[in-house]
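Me: I should like to go through the terms applied to this model and see what each one rests on.
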Amino acid sequence: MVTIEANNRVLEANEGETVLSALRRHGISVPTLCHMSDLFPSGACRMCVVEVEGMRSLVPSCAYPVANGMKIQTHSPRAIRARKTIVELLLANHPDDCLYCVRNGSCQLQDLSENLGVRERRYTGGRSLHDLDVSSPSLVRDPEKCILCGKCVRVCEEVQSVSAIDFIGRGSHTKIGTAFDGGLNVSSCINCGQCVVVCPTGALREQSHIKQVLDALSNPKLHVVVQHAPAISVSLGEEFGLKPGIDVAGKMVAAFRRLGFDRVFDTSFSADLTIMEEASELVHRVKNGGVLPMMTSCSPGWIKFVEHFYPDMLPHLSTCKSPQQMMGALVKHMYAERQGLDPKSVFLVSVMPCIAKKFEAQRPEMGTHGIPDVDAVLTTRELARIIRMRGLDLGGFEPEVADDPFGERTTAGKIFGASGGVMEAAVRTAYHMLTGEELAELEVKAVRGLEGVKEARLNVGGLEVGVAVVNGLGNARKLIEAIRAGRSDLHFIEVMTCPGGCIGGGGQPLGASRDNIRARMLGLYRIDGDESVRVSHKNPMVQRLYAEYLGEPLGERSHHLLHTHYTHRDVLL
Ligand code: SF4
Ligand code: SF4
Ligand code: SF4
């Protein structure tokens, strides 16, 4: 330990840590634009400069190590002047577009401008003009609002190992773009939205489906159905001032009804269904010498990643559609049929923590005769915007329950929202399929938590099964390379594209720290601990669905509606 002094307070710091890290641990706030807590500092934006006694220049606190006896002033007039000048220079090349901007009210550049008292445009000159990139089904890039902090480039390369975007051009012509400066739709972008989550401004945003949803809700000829993913109910509350992890499922269902949806279904129901199909597929592969390790298929960013970078591994992917798309197929087929509705008149909206789900819903495999199974996908943030737009008070609603026949879930379907949840739910049901009995200890602790890679050897009904749970595609890439190099002790691998799983998805409320994501995860496990039906095969509505409509897991109807295939995609380098 070393001792430093900051703003006349004596503090203890860890030898080797940066000044910024020590200050933040002691609750002293220093603004940053480019800093990413889990990655090596880039020192690009210089917003975090502080004054250190005895040094002639200001130092970037994110990249400067502490030293014993160091005396720091974080908000000296000189440090504040430097920060204000940086913001003024950024604004000189920025559109005055706040009133029309999706980040109005949640923009770090706007906040800094306010906090530093920027009240006039001190620097003027030619602004860089760029076109919007609206080519992606999942996100929109607005390079004119980009401040070149580089966070999107870093998360894409260092966390996801995709490198779909980078700095291109030189000097004042520098911008962020794709290979050959094409649209994101022709790049290797896997639509994860992690760049949107880290962007401090409105330069990156989801491709909004709000207008389509509002139009559908006001069209009397349409029967509008909504489904909500497992991870939404423990994060939506953050948009309304609640702490992360507080479950607002019942209030959210009430809000959906006030918004005018005709039916409310729970994607955790189709997560239970996914488990029935996926656990059956795993047992079938293990017993019949099928391709192993089997890899989960519910995360569409991960699927596109394999399609681009590891097409030789496509046979390892489970053929199960994701819970979103299983629900879509059931709504547009069985539900429409039983309600006497033309599938064209049924409009299905998904609320997802993920922007890759917008891409997934548009895949040609995910529909019949050109009619998509899912018509529009809202992120958690977009749902919150609609609730606010309609003046609804989420906190004031009495909780309500979702509708039959797809509104009932088990907690196994609910924990899908956290990294390790699919694995845990699948193990619970695979054990039952192999033994006819229930696991004595349902909680598979080895696969819980936020670590990027978790591995375990499990005894599932006499079968020794090697399992791995991975989140973040940089981690997935390392595991795939090991398998390609001959690693053969794994039978089942869960991969989630986003750090922490869907709770950390690209469509979730912005500004979440790792502690916030942990709180969302604990919220899901609290639900699992509190309720009594904790295995997918005991979901009474899933049992009824098989008895009355599907037949059996992996049966002909399931194969037709609930399973899919994948595509080899080229990568532009
Ligand atoms: S990115 Fe921020 S500063 Fe720029 S227009 Fe949007 S809200 Fe305003
Ligand atoms: S959505 Fe994901 S893959 Fe695409 S550019 Fe952003 S971080 Fe990279
Ligand atoms: S797009 Fe956003 S995250 Fe990327 S460099 Fe620009 S401002 Fe930073």
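Me: How do the residues of the shell around ligand 1 divide into nonpolar, polar and charged?

Reply: The structure is a predicted model, in which local features need pLDDT of at least 70 and side-chain atom pairs count only at pLDDT 80 or more, while totals for chains, interfaces and linings use all residues; side-chain values use heavy atoms, with hydrogens and water left out. Residues are numbered from 1 along each chain as its sequence is written, and chains are lettered from A and ligands numbered from 1 in the order of writing. The shell around ligand 1 divides into 3 nonpolar, 5 polar and 3 charged residues. In this scheme Ala, Val, Leu, Ile, Met, Phe, Trp, Tyr, Cys and Pro count as nonpolar, Asp, Glu, Lys and Arg as charged, and the others, Gly among them, as polar.

Me: Which residues surround ligand 1?

Reply: They are His-94, Asp-97, Cys-98, Cys-101, Arg-103, Asn-104, Cys-107, Gln-110, Lys-145, Thr-201 and Gly-202. A residue is placed near a molecule if one of its heavy atoms lies within 4 Å of it.

Me: What classes make up the shell around ligand 2?

Reply: That shell has 8 nonpolar, 2 polar and no charged residues. Among its members are Leu-139, Cys-156, Val-162, Ile-165, Cys-189 and Cys-192. For ligand 3, the shell has 10 nonpolar, 2 polar and 1 charged residues, and Cys-146, Cys-149, Gly-150, Cys-152 and Cys-199 come nearest.

Me: Why is Met-327 called buried or exposed?

Reply: Met-327 has a relative accessible area of 0% and is therefore buried, the term meaning under 20%, with exposed over 50% and partly exposed in between (1.4 Å probe, protein chains only). Met-327 is found in helix H10, helices being DSSP runs of H or I with at least four residues, strands runs of E with at least two, both numbered from the N terminus. Contact means heavy atoms within 4.5 Å, and Met-327 touches, among others, Gln-227, Phe-265, Leu-348 and Phe-406, residues up to four places away in sequence not being counted.

Me: What makes Ser-163 buried, exposed or partly exposed?

Reply: The relative accessible area of Ser-163 is 41%, so this residue is partly exposed. Ser-163 is placed in the loop between helix H4 (151-159) and strand S7 (166-168). Apart from neighbours within four places in sequence, Ser-163 is in contact with Cys-156 and Glu-157.

Me: Why is H8 described as parallel, antiparallel, perpendicular or oblique to H10?

Reply: The axes of helix H8 (residues 267-288) and H10 come within 8 Å and cross at roughly 100°. That makes H8 roughly perpendicular to H10, a label for 65 to 115 degrees, whereas under 35 is roughly parallel, over 145 roughly antiparallel and the rest oblique. Axes are lines fitted to C-alpha atoms, for helices over the stretch in contact, with angles from 0 to 180 degrees between N-to-C directions. The residues meeting there include Phe-269 and Leu-273 in H8 and Met-326 and Leu-330 in H10.

Me: Which residues have the most contacts inside the largest nonpolar core?

Reply: They are Leu-236, Phe-261, Leu-273, Phe-406 and Leu-545, in a core of 61 residues. Helix H10 (residues 323-339) gives the most to this core, with 8 residues. A nonpolar core is a set of buried Ala, Val, Leu, Ile, Met, Phe, Trp, Tyr and Cys residues joined through side-chain atoms within 4.5 Å.

Me: How many residues of H12 are buried?

Reply: In helix H12 (residues 380-389), 7 of the 10 residues are buried, and the helix is mostly covered.
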